[in-house]
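I opened a notebook for this structure and wrote down what I looked up, one topic at a time. The entries follow.

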Amino acid sequence: MLKRTYEKIYSLFEKAGGYLPTRTLIENRVSTIHIKELLENGDIEKVSHGNYWGAFLNKKKPKDYRLLEACMSNKKAVICGPSACYYHGLLKNEPDKLYVATKRTDRGGMKLGFPVSRHYFSENGYEDHVVSYASDGITIRIYDIDRSVTDSIRFRDGIDKNMLEEIIRAYKKSSKKDLKKCYEYAESMRVGRIVRDMIENS
């Protein structure tokens with residue numbers, strides 16, 4: 001690869017903050033041969049289908065890189081359950097798996113470099129309680145604190161008991177909680193009694 005080509009690609013990643021999709025590289029006349037060479041040399045890292053991280057920048061990935069990479073992989077995905085609770089400050093340690101919600105009809109692959117617990121939600125209510133924000137130019141979609149706690153309780157059979165207890169304790173102390181909203185969502189998901197009992201009796 002010519003030096004000027006390498007420097008151009010480096011500059012593209014640098015200006016973008018570290019992440020770039022294939023389409024941006026192609027639009028800037030970076031060939032698939034160049035991309036393959038950079039991958040083989042470890043200069044860039046494939047983080048999901050069609051998305052790369054500029055490893056040659058010698059900088060750490062953002063703290064929320066797992067959210068970024070999941071949302072790059074599937075723009076309709078929503079961070080949910082324990083992972084959303086962690087980013088809402090209800091857990092001290094980030095869960096080993098990233099909990100992600102997608103529509104039941106969404107069968108697009110989400111091959112990422114870390115464990116993912118994918119949950120399929122029906123069309124009805126899927127977009128309810130979604131909070132969106134931008135990080136490094138990428139839109140992050142995450143459920144609000146009340147829905148995240150309710151969903152964590154719904155997923156309880158697949159979640160560590162101590163982690164779920166920590167989520168509920170922290171939620172009860174949180175000034176951000178809205179118990180009415182939490183219970184209303186729980187009722188709509190047909191787990192109203194379970195959610196109410198676990199929150200009020202823990």
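**Entry 1: the whole chain**

I began with burial and found that 46% of the 202 residues in the protein chain are buried. I note here that the model is predicted. I counted nine helices and eight strands in the protein chain. I then looked up the extent: along the principal axes, the C-alpha atoms fill a box of roughly 65 × 35 × 25 Å. For contacts between residues at least 6 apart in sequence, I found that 54% join residues at least 24 apart.

**Entry 2: a sheet of three strands**

I looked up the order of the strands in one sheet. Three strands form an open sheet, ordered E1-E3-E2, with antiparallel pairing. Strand E1 (19–21) and strand E2 (45–48) each have a single partner strand and stand at the edges, so one side of each has no neighbour in the sheet. I noted an average twist of 35° from one strand to the next.

How many bridges join E2 to strand E3? I found three, and the two strands run antiparallel, with E3 covering residues 51–53. For serine 48, I looked up the bridge partner in E3, which is asparagine 51.

**Entry 3: helices on the sheet**

I checked which helices lie against these strands. Helix H4 (residues 65–73) packs on the sheet and touches E1, E2 and E3. The direction of H4 makes about 70° with that of E2. Helix H1 (residues 3–16) lies across E1 and E3, and runs at about 110° to E1.

Is H4 mostly covered or mostly uncovered? I found it mostly covered, with seven of its nine residues buried. I listed the buried residues of H4 as Arg66, Leu67, Leu68, Glu69, Ala70, Cys71 and Met72.

**Entry 4: lysine 8**

I picked one residue in H1, lysine 8. Its relative accessibility is 34%, so I entered lysine 8 as partly exposed; that class lies between the limits of 20% and 50%. Which residues does lysine 8 contact, leaving aside its neighbours within four places in sequence? I found Asn28, Arg29 and Val30. I also looked up the distance from lysine 8 to asparagine 28: they are 20 residues apart in sequence, and their C-alpha atoms are 9.0 Å apart in space.

**Entry 5: a hairpin**

I turned to strand E7 (residues 130–135), which six bridges join to E8 in an antiparallel run. E7 and E8 form a hairpin, and two residues lie between them. In the turn, I noted that aspartate 136 has a positive phi of about 55°. Which residue in E8 stands opposite tyrosine 133? I found isoleucine 140 there. Strand E8 (residues 138–143) has five of its six residues buried, so I wrote it down as largely enclosed by the rest of the structure.

**Entry 6: two helices that cross**

Last, I looked up helix H6 (residues 145–154) and helix H8 (residues 179–188), which pack at an angle of about 45° with axes 8 Å apart. I therefore entered H6 as oblique to H8. The crossing in which H6 passes H8 is right-handed. On the H6 side, I listed Asp146, Arg147, Thr150, Asp151 and Arg154, which meet Lys181, Cys182, Tyr185 and Ala186 in H8. Sorted by class, this contact of H6 with H8 has five charged, three nonpolar and one polar residue.

Technical notes:
Residues numbered from 1 in each chain as written. Predicted model: local features only at pLDDT ≥ 70, side-chain atom pairs only at ≥ 80, totals over all residues. Heavy atoms only, no water. Pairing = 2+ DSSP bridges. Helix = DSSP H or I, 4+ residues; strand = E, 2+ residues; numbered from the N terminus. Axes fitted to C-alpha atoms, helices over the stretch in contact; angles between N-to-C directions. Contact = heavy atoms within 4.5 Å. Parallel < 35°, antiparallel > 145°, perpendicular 65-115°, else oblique. Left-handed = near helix turned anticlockwise from the far one by under 90°. Nonpolar A, V, L, I, M, F, W, Y, C, P; charged D, E, K, R; others polar. Buried < 20%, exposed > 50% of the residue type's maximum accessible area, 1.4 Å probe, protein only.
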